[in-house]
Amino acid sequence: MEPAVNQQYVPSDYLPILIQFLAALGFVVTTLIVTHLIGPKRKSAVKDAPWESGIESVGDARTPISYKYFMTAILFVLFDVEVIFMYPWAVNFRSFGLDGFLQMVLFMGLLLAGFFYVLKKGILKWD
Amino acid sequence: MTSIILLSIFGIINLFVGFMKSKRILLPLSLLFLAVVFGANLFSWNEAQSYFNHMLTIDNYAVAFTGIMVLATLLLLPFSQHYIEEANENLAEFYSLLLFSLVGAIMMVSYENMLMLFIGIEILSIAMYVLAGSDKRRLRSNEAALKYFLMGAFFTGVLLFGIVLIYGATGSFYLTDIAATAAVNDGTVNAMFTLGLLLLVIGISFKISAAPFHFWAPDVYEGTPTLFTSYMSTVVKIAGVAAFYKLMAAAFAASYAAWFPTLIAITVLTLVVGNIGAVVQTNFKRMLAYSSVSHAGYLLMALVAFNERSDASILFYSLSYALATIVAFAVLQYVSEQRNGDETYAAFNGLGKTNPLLAFAMTVAMCSLSGIPLTAGFFGKLFVFTAVVQDARLMWLVVVAVLMAAVGIYYYFKVVIAMYMQPAADAAKIRIGSFASFMLIFITVFTILLGIAPALVSDLL
């Protein structure tokens, strides 16, 4: 296996990236300046107050939170990310053939084993 | 490959067995699993085979190091008895994490592709981060886990950056492709290649706690529960050094001139810092941490020699070091439990009278670590030094190493003196299970056997 990489890049080949970068930056800067210039300015105590869906804010944000919340949140992220592998697999399902199907079954099997372990361990019990 | 699959399945089975009421079955079951893996691994001997588009190759090198690492895990698990006695609710998870991290260790000795190296290191390390903090209610354990995790994550980033730069310079993650590109370009493709190589060296030096990237080791080793410290300083280190040698031999042999000065500086620094650092310790466990740094130095010497004797001497040294270290940590664990968590030299006072077996096993282990003849450690050092003197210009390195080994004798024998010469502070006999005693005797006999007939292992590779 010889490395088949184009080693002949010159700096000007990266010009599109630079233009894209400048366009993104330019958009942000322009929008900020223009809205600042043409937008109406009204200031009052009510407008400067932290806005919490119309409900008055209560207490401090830094309160201890039950670890169950973190457990559920982490497990959600874990299982949510696993789903990402399903999309490319589903799109290429036909070309992967039986092998691809069995590999996904194995993957889901391991995932389910983990899920079953979490249930048995009582991580999702809230009381 | 069989060993990787088996260990993964056994690890999952272990997790579910942990839901049973009695935890007593876990230890025999895990030992059985490891014995099966050890046996299955041997079937690949002389049957080199590649897997996953040549990303993993199980050759004799991989089989030999896998064997040693599985054996080390097998020998240190019996000393987890106190977890069973106190019915620790996470025992199954501890065993499973050890099995899973062993999967990473095996990948680290059989990779042919940088991605596999990275994944192997991650699988190994993440389990270790958890196990370092497994004593949740002790502050030192938490500190160890946090320090190990933060530093480990940072150096993983360095390693990854090195891999990326190498990929940028050569266009491949495969060791053979990198070697081919390097060979046609005088070993140094461009500045990016050299920089990537140095970052790789730094990243792996951290994992094997070579100076000047050893700062985490004493704190982490001290805080981690002793059983897992034992695993950390044997299996993790062996996997790291084996991966290091494989990386240099398979990918960067042509770039010898680029990494040699760096590596020889790291080696000398590791030898000096490890041994001098160990002298001033009063805590036995911290001394063992520095001692493990110094042994990383001896192992790196074989890597610096970089000739046909290197792999065999790394293999033999790893085994002799693992055997002695497991005994040292096991005895420390029993002694400090008896003495209310005291891990200083003073805790060993009078052990020779109260527990002759523990004291004798410890003495043999200390002799082996310091390289006294008739123990495995002597031949370990001898093989490494012989490999180095093949190149006459490296004679001075052997002189430094011998001087440092002499320093080693001083601090290793502190504990022997405490055991036999000091009066016992607490005359109570330490109770150890019959199986653990048997394992201690077995390892001690094995150490002496290797010190008499080193050819049993030294001719394998």
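User: How many residues does each chain bring to the contact between chain A and chain B?

Analyst: Two residues are in contact if their C-beta atoms, placed from the backbone, lie within 7 Å. Here the contact takes six residues from chain A and 10 residues from chain B. On the chain A side that touches chain B, five are nonpolar, none is polar and one is charged. Nonpolar covers Ala, Val, Leu, Ile, Met, Phe, Trp, Tyr, Cys and Pro; charged covers Asp, Glu, Lys and Arg; the others, Gly among them, are polar. This is a predicted model: local features need pLDDT of at least 70, side-chain atom pairs count only at pLDDT 80 or more, and totals for chains, interfaces and linings use all residues. Residues are numbered from 1 along each chain as its sequence is written, while chains are lettered from A and ligands numbered from 1 in the order in which they are written.

User: What does chain B contain in helices and strands?

Analyst: Helices (H or I, at least four residues) and strands (E, at least two) are DSSP runs, numbered from the N terminus. Chain B has 20 helices and two strands.

User: How much of chain B is buried?

Analyst: A residue is buried if 20 or more other C-beta atoms lie within 10 Å of its own. In chain B, 56% of the 461 residues count as buried.

User: Which elements do the buried residues of α6(B) pack against?

Analyst: Those buried residues, including Met114(B), Gly120(B) and Leu131(B), pack against β2 (56-58), α5 (91-110), α7 (139-170), α9 (191-207), α10 (216-223) and α11 (226-250) of chain B.

Key:
A residue is buried if 20 or more other C-beta atoms lie within 10 Å of its own, exposed if 12 or fewer, and partly exposed in between; C-beta atoms are placed from the backbone.
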